[in-house]
Amino acid sequence: MQHYTHINDLDSLQKTVAEAIDLKNNELQFKTLGEGKTICLLFFNNSLRTRLSTQKAAQNLGLNTVVMNFGSEGWQLEFEDGVVMDEDKSEHVKEAAAVVAQYCDIVAIRAFASLTDKEKDKAEIVINSFKKYAGIPVVNMESAIGHPLQALADAITMEEYKVVHKPKVVLSWAPHPKALPQAVANSFVEMMQLQDADFVITHPEGYELDTEITKNSTIEYNQEKAFENADFVYVKNWSSFKDYGKVVNKDKNWTVTADKMKLTNNAKFMHCLPVRRNVIVADEVIDSENSVVIEQANNRTYSAQIVLKKILENL
Amino acid sequence: MQHYTHINDLDSLQKTVAEAIDLKNNELQFKTLGEGKTICLLFFNNSLRTRLSTQKAAQNLGLNTVVMNFGSEGWQLEFEDGVVMDEDKSEHVKEAAAVVAQYCDIVAIRAFASLTDKEKDKAEIVINSFKKYAGIPVVNMESAIGHPLQALADAITMEEYKVVHKPKVVLSWAPHPKALPQAVANSFVEMMQLQDADFVITHPEGYELDTEITKNSTIEYNQEKAFENADFVYVKNWSSFKDYGKVVNKDKNWTVTADKMKLTNNAKFMHCLPVRRNVIVADEVIDSENSVVIEQANNRTYSAQIVLKKILENL
Amino acid sequence: MQHYTHINDLDSLQKTVAEAIDLKNNELQFKTLGEGKTICLLFFNNSLRTRLSTQKAAQNLGLNTVVMNFGSEGWQLEFEDGVVMDEDKSEHVKEAAAVVAQYCDIVAIRAFASLTDKEKDKAEIVINSFKKYAGIPVVNMESAIGHPLQALADAITMEEYKVVHKPKVVLSWAPHPKALPQAVANSFVEMMQLQDADFVITHPEGYELDTEITKNSTIEYNQEKAFENADFVYVKNWSSFKDYGKVVNKDKNWTVTADKMKLTNNAKFMHCLPVRRNVIVADEVIDSENSVVIEQANNRTYSAQIVLKKILENL
């Protein structure tokens, strides 16, 4: 594997999940694989899980790790071609990406959606510029439209907890006070499209994800109907794609409660975190035995580690 | 030792001090003890000595170290139970603590007092939430009401410099332009209560520390009288506990000068740093041969290292 | 070598350049030299290349590395003697420098010019205070008036690309929207004064660098004339030294274009980066085969690594 910027960069999702679970059982088994090599983690946005789990994964492989908060420790980058750079942006990504590549062997990047310019966000300008100009493997630590390390961790978690061969998996929108990106939902959908599962997306009207991503995935506007007999309920807020980046609905009827979970087949509750308690999900659900959110977070380490391992083996 | 959040978490202060001095003489003698293990340092507030010395201590033990500035690199945490989280706080400490624990073996936390809500500060809500929800050892890098790594470094320093078996030790308040926490003073008092010493606290009226901490420690409102025959003068500003978090007095008569030091038994001058020169202490005192503030700072490494060693041995 | 705060701290520039190129060919040949030792990188200002390349250099030598952003993670320092510290500055550099030295073996510092107080900037107050009070080797990662790690990287780059024994090297000012320090230009001039080259500085009138630095170096106010037959064109903006820290000219006629490069002897284009495209230099020049800016950035690693190696060997 050269880059990991999309779930489809994996040769086989199922095989990768199995390898990640094997890694998890003995996380230091490749502890010298990255020796003498360096990964740079570049954060254009804040992070907790991704920041810590990716460092942990890198350390488990013996990689040197350098972390940089691009905004506060560096400066603004220009991404457009041919611009006269006499405004706020101090450096063009052409130089920045090529320069970073001089000091590391792999670069991992977090750069959220603007939520203001749909076309720019869809163009994945930060991730794609680094792919174009850095000339080294690029790992997506959540980009404008995808979060494939999260989706892989989600797949690992479902593999660990599934009790039927072909589970019913529901991706449910839930309310949130702020406008959030669609990245996690997008990558979850794309990951589910690679799974042998009965997959349903549920959200209020107006919250349809990009149809280029959802394709033929089933959409059910009645949340309760969607929950019926579900084995996994994956909850996440996202802002509107149609009315791009807007919060068009904060309907608390979509908060996931114990009553709604009773409609399921004793479903596991999943969320990528951070989660707003009693807005996205009631305390009673996230504190229940069916909540697997902490193990999901734990699997972020093995999701990153298997990805870095595959990249290192290909260097 | 499981956690180190209070000086009383040590089995024996005296034995620990002796072990720390032994470590200091050969700081790499346990350089593989932490191999394959990770410590996360979470800073909710700024830091210089603690930031560098704790990293140094961890590296001396072979631990991987991950540093995170929670405020600027992450987001605000919710600590209250049952809250509808639709305001500024993005994640509950229940998840944040449990998640951090997935990526490290020990978590060290700096979270200062609010100085606005006495009850919340006394409840040590950040440290205690991590102890409750993380499920891994927690180290206090200065909490709302205590700074036990500093107190242990202070004990090491006094052991190194004491010339009589039972020294007279004075903790003196001194003026400062801003409202500072009581944490350092509190932990110093609690540490001194475990020592065989003649211990006196001196401060202006209105600056009494929490009596649940000072207990029967001697308080002398006349600074000069307190200094008489002292072997160690430990100086520190703190804001009022009674009129909580307020600066009720900036009396420069309390600044420690050479004339006042002449009242002592050639006392060593101690301060945890950072120190405001010519406000807390005159240049002539901190620049004198009796000032041991730099060695005190140096001992922060061995204070942290002996604590981490004990925790690692118990993992 | 004890400190590296000025290009003249090198015994021999030519010998050091040769050693750096040898290191570059086998960068891990001294990978255990720094074992058990620690370097602290203290940033008073933002950084990309310096931040990453110095960490990379330290890791290549087996050094532990601790990075601290002094402004955002620490607090303001006082540098004046005898001050009553009752304003915004929390700690005196006397303590801060001595304390940092307790936790590391080498300290590297970035502290830009104020551009408001020429005398203070010339006094190199931050770097010199650390040299005075830390008692450990100090490395300059760009100070008020110099950037000797950059100048050494520039010398390495010119050695790699030169085709004649005594090249013509032009340092050309170019326009920029903001006021920038003279540090890079100063150190480049001082480095060139140690080289066997035909060296010319070109800039508009009013942009003369400190004559204590330029000494007898040739100054040519006609940029096109300066470019004639040049083998290397090193471009950089700086603010006025005479009218200290001011932008007295933004003349776009000084932007480096392909037409101007045609006047040269097929010159290599150099810039320390970050660079404002189409302000400092036209896209057509920086994107041409004659642009060596990325290799120049790459050489920052070996510039730092040879310096750290020499310091470690002298510890």
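# Sheets, rings and an interface

Biologist: Which residue stands opposite A:Lys168 in strand 8 of chain A?

Modeller: Happy to start there, bearing in mind that this is a predicted model. Strand 7 (residues 168-173) of chain A pairs in the parallel sense with strand 8 (residues 198-202) of chain A, over five bridges. Opposite A:Lys168, in strand 8 of chain A, stands A:Asp198.

Biologist: Which strands of chain A stand at the edges of the sheet, and why is one side of each left without a neighbour?

Modeller: Five strands of chain A make up an open sheet with parallel pairing, in the order 9-8-7-10-11. The two at the edges each have a single partner strand, so one side of each has no neighbour in the sheet; they are strand 9 (218-219) and strand 11 (268-270) of chain A.

Biologist: What angle does the direction of helix 8 of chain A make with that of strand 7 of chain A?

Modeller: Strand 7 of chain A is joined to strand 8 of chain A by five bridges. Helix 8 (residues 183-192) of chain A packs on this sheet, where it touches strand 7, strand 8 and strand 10 (232-236) of chain A. Its direction and that of strand 7 of chain A make an angle of about 165 degrees.

Biologist: Now for the rings: is the aromatic pair of B:Trp173 and B:Tyr207 stacked, tilted or edge-to-face?

Modeller: Over all chains, the structure holds 19 aromatic pairs. For B:Trp173 and B:Tyr207 the centres are 4.5 Å apart and the planes make 35 degrees. A stacked pair needs planes under 30 degrees apart and an edge-to-face pair over 60, so with 35 degrees this pair counts as tilted.

Biologist: How many residues apart in sequence are the parts that the pair of B:Trp173 and B:Trp254 ties together?

Modeller: This pair is edge-to-face, with 6.1 Å centre to centre and 80 degrees between the planes. B:Trp173 lies in strand 7 of chain B, while B:Trp254 is in the loop between strand 10 (232-236) and helix 11 (258-261) of chain B, so the separation of the parts tied together is 81 residues.

Biologist: Are B:Trp173 and B:Trp254 buried or exposed?

Modeller: Buried means under 20% relative accessible area, and exposed means over 50%. Both B:Trp173 and B:Trp254 are buried.

Biologist: Which ring does the charged end of B:Lys309 sit over?

Modeller: Chain B offers two such cases to look at, one being B:Arg51 over the face of B:Phe43, at 4.4 Å from the ring centre. For B:Lys309, the charged end is 4.5 Å from the centre of the ring of B:Phe30.

Biologist: Which residues of chain A lose the most area to chain C?

Modeller: The contact takes 33 residues from chain A and 29 residues from chain C. About 2,700 Å² is buried between these chains, and carbon and sulfur atoms give 54% of that. On the chain A side, 26% of what is buried comes from A:Glu73, A:Glu95 and A:Tyr103.

Biologist: In strand 6 of chain C, what is the bridge partner of C:Ala108?

Modeller: C:Ala108 points one way from strand 5 of chain C together with C:Ile106 and C:Arg110, C:Val107 and C:Ile109 point the other way, and all are buried. Strand 5 of chain C runs parallel to strand 1 (residues 38-43) of chain C, with five bridges, and parallel to strand 6 (residues 138-140) of chain C, with three. In strand 6, the bridge partner of C:Ala108 is C:Val139.

How values were computed. Residues are numbered from 1 along each chain as its sequence is written. Chains are lettered from A and ligands numbered from 1 in the order in which they are written. This is a predicted model: local features need pLDDT of at least 70, side-chain atom pairs count only at pLDDT 80 or more; totals for chains, interfaces and linings use all residues. Side-chain values use heavy atoms; hydrogens and water are left out. Rings of Phe, Tyr and Trp (its six-membered ring) pair if their centres lie within 6.5 Å; planes under 30 degrees apart count as stacked, over 60 as edge-to-face and the rest as tilted. Helices (H or I, at least four residues) and strands (E, at least two) are DSSP runs, numbered from the N terminus. Buried means under 20% relative accessible area, exposed over 50%, partly exposed in between (1.4 Å probe, protein chains only). A charge sits over a ring if NZ of Lys or CZ of Arg is within 6 Å of the ring centre and within 35 degrees of the ring normal. Two strands pair if DSSP finds at least two bridges between them. Contact means heavy atoms within 4.5 Å. Axes are lines fitted to C-alpha atoms, for helices over the stretch in contact, and angles run from 0 to 180 degrees between N-to-C directions. Buried area is the accessible area (1.4 Å probe) that two parts lose on being put together, summed over both.
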